Amino acid sequence: MTASTTATSSAPVVLDVNDLVISIGSKPDAHRIIDGVSLQVRQGETLCVVGESGSGKSVTSLTVMGLLPKKVLVPTRGKITLAGEDILAASDRRLRQLRATTMAMIFQEPMTALNPVVPVGKQIDEVLRAHTNLDARTRRERILAMMEQVRLPDVTRIFKSYPHQLSGGQRQRIMIAMALVLEPKLLIADEPTTALDVTTQKQILSLIRDLQRDHGTAVLFITHDMGVVAEIADRVVVMRKGKVVETGALDDVLRAPTMEYTRNLLSSVPSLIPRAARPASSEPIVLETESLGKVYRQRSTFGAAREVAAAQNVTLTLRKGRTLGIVGESGSGKSTVARCIVRLIDPTSGEVRLAGQDISTLSRPALRPHRKRIQIVFQDPYRSLNPRVTVGETIAEGPVNYGVPHAEAIKRAGELLELVDLPADAITRYPHQFSGGQRQRIAIARALALDPDVLVADEAVSALDVSVQAQVLDLLDEIQTRLGIALLFITHDLRVAAQICDEVVVMQHGRVVEQGPAGEILTNPQQAYTKQLLEAAPGRHWDFANFRPVNVQSTLASPGAV
Amino acid sequence: MLGYLIRRILAAIPVMGVVALFVFLLLRLTPGDPAAILAGDNATPEQLDRIRTSLGLNEPLYTQFFTWIGKLLHGDFGVSLISNVPVITMIGNRIEPTIAIALSTIIFTVIVAVPLGVIAAWKHGTWIDRFVMALSVIGFSVPVFVIGYVLIQVFAIDLRWLPVQGYRSFARGFGPFFERIALPTLTLSFIYIALIARMTRAAMLDVLDEDYIRTARAKGIAERGVLLRHALRNAAVPVITVIGTGFALLISGVVVTETVFNLPGIGRLTVDAVLARDYPVIQAMILLTSGIYVGVNLLIDLSYTLLDPRIRY
């Protein structure tokens, strides 16, 4: 289940962080980002630091690496000891020597963590050139061997490849190879799988675990995802607002959390077990697609044009007051379908019917009256609201475009803000004055301002912390009950899908793999791909909200358990 | 890649065609009889007739255009109305000083400005950064002729290190050539150093925020390697763009410098031609400048593929 067998409490402590305080600037009364954090990681052990955004988990790890922005964030108290050496007292030169040799780090975004203009083999080679005197041939052999160890295929080709020619999972493997090529004592992994698809995540987690077992590395693993914690941790540190809330062995923390915050955090994790099915609906169909497809054509000077089918033959039905989920990994075409339905992009085949009328081929002016019937909420609330327009004006803009007098639209904006549980004075404020969860509420209010029949939520809760995610999901549910709106919910997260969807469509490579009631698809999938997705969901053997392992018999998720 | 190159060169043809048409019409559509304009106020009717025939002005407009284009393609840009010398010869005689200054300015600018920008970005927010930015504001705001005269006063008149003005061809030895282009180069470099140092600094600041810079530091690479191997190469695309367009601007923008230092370059040739309404020369200069712009832009775009493997045409 976990790597706990390799770690013993008698193993030497590799990293010891003691009463660490990090302040903004060096003034004695400066605000503390990290406030008295202590933690230890032993050889061969994986310590998971969990916390929501702003908890200070990344700052702690960057401090260990000596990578804090100088003079902005300053360690003002405490001690960090790495393999017997005082890190905070070390010179820049000494810190450089320790990096990659004694401590190494991998980051969240394999897309951006590698230099785009340097071949990946050369990027790993830099580590060896900086820290060893090996000749070119030995270095190359060692790199290729390391690339084999992280289970990269065709290593001589990948050695010469640029990052953009590799997949996300391959890039993260390169990062891991780069981090471990000199066999450091400590590996810091900062959300290393957050940007990856679940199936890739599963592979990377087991890779880290295997390499740890083989090399006896101490791993400091930072994550916000309880599922990942359950997969990989030996011990857990829960952080909140720069302080350690709770520390303990994995089992103890998951089964018997002692602190209120930890209990809340665990309770917010959506269960993989679908919620009780609602009775079948005979309400009218508000949205239908019929063999919807989108093909991208790439022109070429010589030779034939290249065609990429981002979505093909997608047929789905959504009734009033119901929620339909489209789940799939990146590149599955789920967002393409959502965007075709809203006509942000034009489908190349099939029909999109809103309350019976096909809108897939309507011209822009002819489409206008239909636009208000279907509205969309996007993934990133930090980028989907115009930063220079007040919240009230943002919400009122849609209705004003459709001829509602400005004063009336603003009044309605106030009511909508109340509906999404935001204070009435929010109306005159700007997006940057709100947190991520609040911004997503604003985005929902904006979408609702036009009284749509269908609300499309494109990964609308993916960028949010679990506790905020739970609140926004509750809000969507409540709005649906009150307004009878239909929800089309695009997500990569099966847990979220299980908690909000009535029906689910599973997509892969632009095609629908399986579709049906959420309760059936998520507990008794028929297709191999759906099974694989469920298998890969991290922490699926834990029922976090009830502080106990899942009774396998009741989920039917494992093959052979039917 | 080759396909892209061919497409780009083909695409340059309509651009140059439009420029040629504009240049052609410049003369034909100016109010009044072109022949009269060309001949000046005191021309006799016989002279006017001769000019009309020689320019083919009695032919239909499109015939005139294609005849003119045909001559252009054979390198015949016409004959100066003032000196009666073929335009191509005039430009040939005057282009060396201009190209020499433009090249030396660009080289000097890059050598000075790129490191300044890199250091300013690296030491972001410190006095070094502020000093470089202050220099850049001065470079932008002081007029070229002021810089030129100040440099002449200091280096040529007070210190007597360098000649005040004039030009010696490169063919007559590097020493005298260098002595005479040093001050013009310095003068002209000020504004480009200001521009490119700012650009480099801004591009570097963006890149230094990137995740892969953090990765490079996490690998334990020395700061110099982080800056040069990882940051600068990624910051190069916008910087190269500015250097390229800067070079094209230089060719057409050296008039003041050529005047201050009394250099026989094409900047002054152009101004003289405009003042004297020497239309064939003006036409040739417009064509030449546009051609340089089109060519430099193509080179810039091609350089992107060398700098960034993600850019493939």
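Angles under 35 degrees between two helices count as roughly parallel, those over 145 as roughly antiparallel, those from 65 to 115 as roughly perpendicular, and the rest as oblique. Helix α7(B) and helix α8(B), whose axes are about 140° from each other, are therefore oblique to each other. This is a predicted model, in which local features need pLDDT of at least 70 and side-chain atom pairs count only at pLDDT 80 or more, while totals for chains, interfaces and linings use all residues. Residues are numbered from 1 along each chain as its sequence is written, and chains are lettered from A and ligands numbered from 1 in the order in which they are written.

**Confidence**

- The predictor gives the complex an ipTM of 0.79 and a pTM of 0.82.
- Chain B averages a pLDDT (the predictor's confidence in each residue, from 0 to 100) of 85, and 95% of its residues score at least 70.
- Among the elements of chain B, α9(B) has the highest mean pLDDT, 92, and α2(B) the lowest, 68.
- Where pLDDT is low, the predicted coordinates should not be read in detail.

**Make-up of chain B**

- Chain B holds 13 helices and 0 strands, where helices (H or I, at least four residues) and strands (E, at least two) are DSSP runs numbered from the N terminus.
- Taken along the principal axes, the C-alpha atoms of chain B fill a box of roughly 85 × 55 × 35 Å.

**The two domains of chain B**

- Chain B is divided into domain 1 (2-73) and domain 2 (87-312), with bounds that come from an automatic or database domain assignment.
- The C-alpha centres of domain 1 and domain 2 of chain B lie 34 Å apart.
- In chain B, 11 residues of domain 1 are in contact with 10 residues of domain 2, contact being counted if the C-beta atoms of two residues, placed from the backbone, lie within 7 Å.
- On the side of domain 1 of chain B that touches domain 2 of chain B, the elements giving two or more residues are α1 and α2 (34-39) of chain B, and the largest share, 9 residues, comes from α1(B).
- That side of domain 1 divides into 10 nonpolar, no polar and 1 charged residues, where Ala, Val, Leu, Ile, Met, Phe, Trp, Tyr, Cys and Pro count as nonpolar, Asp, Glu, Lys and Arg as charged, and the others, Gly among them, as polar.

**Where chain B meets chain A**

- Between the chains, 20 residues of chain B are in contact with 26 residues of chain A.
- The elements of chain B that give two or more residues to the side touching chain A are α1 (2-28), α9 (211-218) and α10 (223-252), and the largest share, 6 residues, comes from α9(B).
- The residues on this side of chain B divide into 6 nonpolar, 5 polar and 9 charged.

**Helix packing**

- In chain B, helix α7 (residues 144-158) and helix α8 (residues 174-208) pack with their axes 9 Å apart, the axes being lines fitted to C-alpha atoms, for helices over the stretch in contact, and the angles running from 0 to 180 degrees between N-to-C directions.
- Among the residues that make this contact are B:V144, B:L151 and B:F155 of α7(B) and B:L183, B:L188 and B:F190 of α8(B), and by class the contact has 11 nonpolar, 2 polar and no charged residues.
- In chain A, the axes of helix α13 (residues 391-401) and helix α14 (residues 406-419) come within 8 Å and cross at roughly 125°, and α13(A) and α14(A) are therefore oblique to each other.
- The contact of α13(A) with α14(A) includes A:I395 and A:P399 of α13(A) and A:R412 and A:L416 of α14(A), and has 8 nonpolar, 2 polar and 1 charged residues.
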